[in-house]
Amino acid sequence: MTKRSTRPLTLAVVGHTNTGKTSLLRTLTRDATFGEVAPTAATTRQVEGAALAVDGRTVVELFDTPGMEDAGAVFDALEATGPGRHDGPDRVRALLDDSEARRRFDQECRVLEQLLASDAALFVVDAREPVLGKYQDELAVLALCARPILPVLNFVGAPGRATANRADEWREALARVNLHAIAEFDTVAFTLEAEAGLWKKLATLLDDRAGGLEALVDERRERAAWQHAAALRSVAELLVDAAGAQHKVPIDDPPAARNGRDLLKKRIEAREQRCVDELLALYRFDDAIYLAVKLPLDDGRWTASPFDPALLADSARHSGTGAGAGAAAGAALDLAVGGMSLGAATVTGALIGGGLGAAWIPGRNLLDKARGTLRLQADDPALLQLAGRQLALIAALEQRGHASTSPVEAGLAELEESRIAALRGLLARARIRPGDSMLNNADADQRGSRARRIDQLLDMLSGRDE
Ligand SMILES: Nc1nc2c(ncn2[C@@H]2O[C@H](COP(=O)(O)OP(=O)(O)O)[C@@H](O)[C@H]2O)c(=O)[nH]1
Ligand SMILES: [Mg+2]
């Protein structure tokens with residue numbers, strides 16, 4: 001039996017400046033704040049490490065290194081130490097021991113030192129670049145360290161979202177220097193499969209490490225499944241709270257009624273933001289440094305309200321709620337206020353549209369004549385809007401590498417018609433239970449009907465209700 005090593009596998013992340021070495025570490029560690037990433041040259045000057053653990057045990061240690069900038073000159077210096085006289089690593093050590101060379105090749109020496117101290121290297125390539133001589137010089141220098149090297153082709157996009165690149169040219173050039181196991185992994189357009197592929201390729205080069213790397217792949221998969229379930233639960237909780245949320249407004253006072261409607265909107269918007277915050281934290285995109293560079297969700301906030309009329313019209317179209325939110329809510333109100341005073345008609349006219357019409361609640365009185373109040377709740381287009389954008393946000397975060405610095409682009413998730421029908425049914429049930437919404441009732445029983453409502457929505461959102 002081969003002896004399985006239990007000490008962490010140490011990997012030097014090497015390559016030319018700006019190929020995405022630091023970005024690779026960010027994405028593999030799910031840490032958007034690791035090191036410094038910039039489109040300018042030589043942002044990483046020191047060697048910095050990060051650990052990947054499974055069940056509290058470090059499996060892989062990654063070391064970020066400065067870019068090799070003048071590998072050609074380093075190669076010449078290595079030749080000058082006596083070509084063929086010693087084996088590769090001895091020649092590299094001789095160079096590292098030479099104080100003059102160390103001064104001249106400060107950055108390169110740090111890289112070589114780290115590689116000699118590591119079990120293997122991830123050689124990060126910007127696959128959009130042609131295979132220039134300087135990259136071949138780098139490979140020649142790195143090869144002298146006699147460590148397994150896994151080239152990682154970056155800037156390739158994700159399967160189905162490929163960006164223009166020269167991956168084929170690179171594969172050919174790498175094969176010429178006997179590098180046949182190659183990973184394609186874009187640090188920005190993330191997929192779990194590409195990441196698993198990287199670790200599996202590495203395992204082929206490091207036989208006695210296959211067990212630990214497999215455990216890492218499994219852990220990543222389990223974590224992703226767990227995160228997905230937790231994310232859907234956040235959305236289900238949001239929907240129960242938003243559907244049940246209600247606000248009573250006076251029948252005969254349009255300004256007061258509008259004011260009440262706006263308050264209800266604000267409470268639901270704030271509740272949606274809480275869900276956004278939960279999702280960002282869950283997928284570890286919530287760090288302050290990260291938020292400073294991430295924009296469309298402006299600073300982690302939606303730039304548009306779920307009650308934005310244009311968005312609502314869109315979601316009404318998608319969800320088959322008819323010509324528009326206003327029309328649907330209006331029809332329900334006509335039923336509810338039939339035979340009411342002119343005052344009620346004026347108020348409802350002032351309120352209808354913009355996502356907080358007053359959805360008619362079967363079996364209950366929307367209009368409380370005795371108290372002179374009208375109860376407002378979010379209507380279907382507004383709630384479907386909430387669901388659609390949170391689901392889109394989940395999808396966007398699951399395909400986002402932690403090296404991304406561009407805005408999160410999350411539109412509205414498209415739901416199948418049968419899903420929408422099921423969702424509307426569940427929302428209608430949540431709507432008639434205002435006591436289950438935390439927005440009305442901070443003491444809502446977390447294990448009673450609220451929990452059942454959330455579980456039903458969760459089953460529906462995760463497709464378990466079929
Ligand atoms: N679009 C895209 N940009 C990337 C990718 N990897 C890195 N970048 C960007 O490329 C630049 C250099 O990345 P960095 O990680 O600092 O490179 P390093 O010098 O090798 O550490 C930064 O602006 C990154 O945001 C990628 O896979 N796709
Ligand atoms: Mg760097």
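Hi everyone, this is a short walk through the sheet, a helix pair and the ligand shell of this structure. The model is predicted, with local features needing pLDDT of at least 70 and side-chain atom pairs counting only at pLDDT 80 or more, while totals for chains, interfaces and linings use all residues. Residues are numbered from 1 along each chain as its sequence is written, and chains are lettered from A and ligands numbered from 1 in the order in which they are written.

Let's start with the sheet. Six strands (DSSP runs of E, at least two residues, numbered from the N terminus) form an open sheet in the order β2-β3-β1-β4-β5-β6, with mixed pairing; two strands pair if DSSP finds at least two bridges between them. β2 (48–54) and β6 (183–184) are at the edges with a single partner strand each, so one side of each has no neighbour in the sheet. β2 pairs with β3 (residues 57–64) in the antiparallel sense, over seven bridges. Leu 52, for instance, has Val 60 of β3 as its bridge partner.

Now the helices, which are DSSP runs of H or I with at least four residues. The axes of α8 (residues 192–205) and α9 (residues 210–244) come within 9 Å and cross at roughly 170 degrees; axes are lines fitted to C-alpha atoms, for helices over the stretch in contact, with angles from 0 to 180 degrees between N-to-C directions. That makes α8 roughly antiparallel to α9, a term for angles over 145 degrees.

Finally, which helix gives the largest share of the shell around ligand 1? It is α1, with three residues.

Definitions and conventions:
Angles under 35 degrees count as roughly parallel, over 145 as roughly antiparallel, 65 to 115 as roughly perpendicular and the rest as oblique.
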